Amino acid sequence: MRRLFTLDEARAELPRLLSVAEEVIALRADLVDATARLRDDSESVNLADMKGAEARLAELLDGLTASGIQVKGYAPLLVDFPSLHDGREVLLCWLEGETGIDWYHLVEFGFAGRRRLDV
């Protein structure tokens with residue numbers, strides 16, 4: 001059964017989300033750099049470290065989804081919290097760089113239908 005978050009519950013997840021985001025951003029940058037170096041044969045890449053970074057990135061994102069948060073993307077990091085707003089099913093939306101959970105959108109509209117929460 002899918003979890004529905006209240007706005008307070010989603011906002012209570014924010015400190016953990018920001019911590020995860022910080023690590024995701026660093027791992028993502030490391031992986032982009034390693035991939036570029038891998039393409040350029042002039043530099044060596046430690047494949048074990050690269051695989052470790054990929055595994056850690058997957059672990060972080062899986063940890064979010066295990067708690068009911070929907071990961072929509074990781075470059076930039078975009079997550080949704082299933083919720084109810086004015087009696088309708090919505091997704092409370094957080095995008096990398098935002099400091100709070102202040103947006104929502106109807107499930108069927110996606111990111112393009114984002115609206116600011118009035119609370």
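**Note on the strands and the aromatic pair**

1. In this predicted model, strand 2 and strand 3 make a hairpin in which two residues lie between the strands. Asp86, located in the turn, has a positive phi of about 50°. The two strands, the latter comprising residues 88-95, run antiparallel and are joined by eight bridges. Within this pairing, Ser83 has Val90 of strand 3 as its bridge partner.

2. Strand 2 also pairs with strand 1 (residues 70-74), again in the antiparallel sense, and here the pairing extends over four bridges. Val71 is placed opposite Val79 of strand 2. Strand 1 and strand 2 likewise form a hairpin, with two residues between them.

3. The burial of strand 2 (residues 77-85) deserves comment: eight of its nine residues are buried, and the strand is therefore largely enclosed by the rest of the structure.

4. The count of aromatic pairs comes to one. The ring centres of Phe5 and Phe81 are 5.1 Å apart and the ring planes stand at 85°; because planes over 60 degrees apart count as edge-to-face, the pair is assigned to that class. Phe5 belongs to the segment before helix 1 (7-12), whereas Phe81 belongs to strand 2, so the pair ties together parts that are 76 residues apart in sequence.

5. As to the environment of this pair, both Phe5 and Phe81 are buried. Phe81 thus brings the discussion back to strand 2, which pairs with strand 1 and with strand 3.

How values were computed:
Residues numbered from 1 in each chain as written. Predicted model: local features only at pLDDT ≥ 70, side-chain atom pairs only at ≥ 80, totals over all residues. Heavy atoms only, no water. Buried < 20%, exposed > 50% of the residue type's maximum accessible area, 1.4 Å probe, protein only. Pairing = 2+ DSSP bridges. Phe/Tyr/Trp six-rings, centres within 6.5 Å; stacked < 30°, edge-to-face > 60°.
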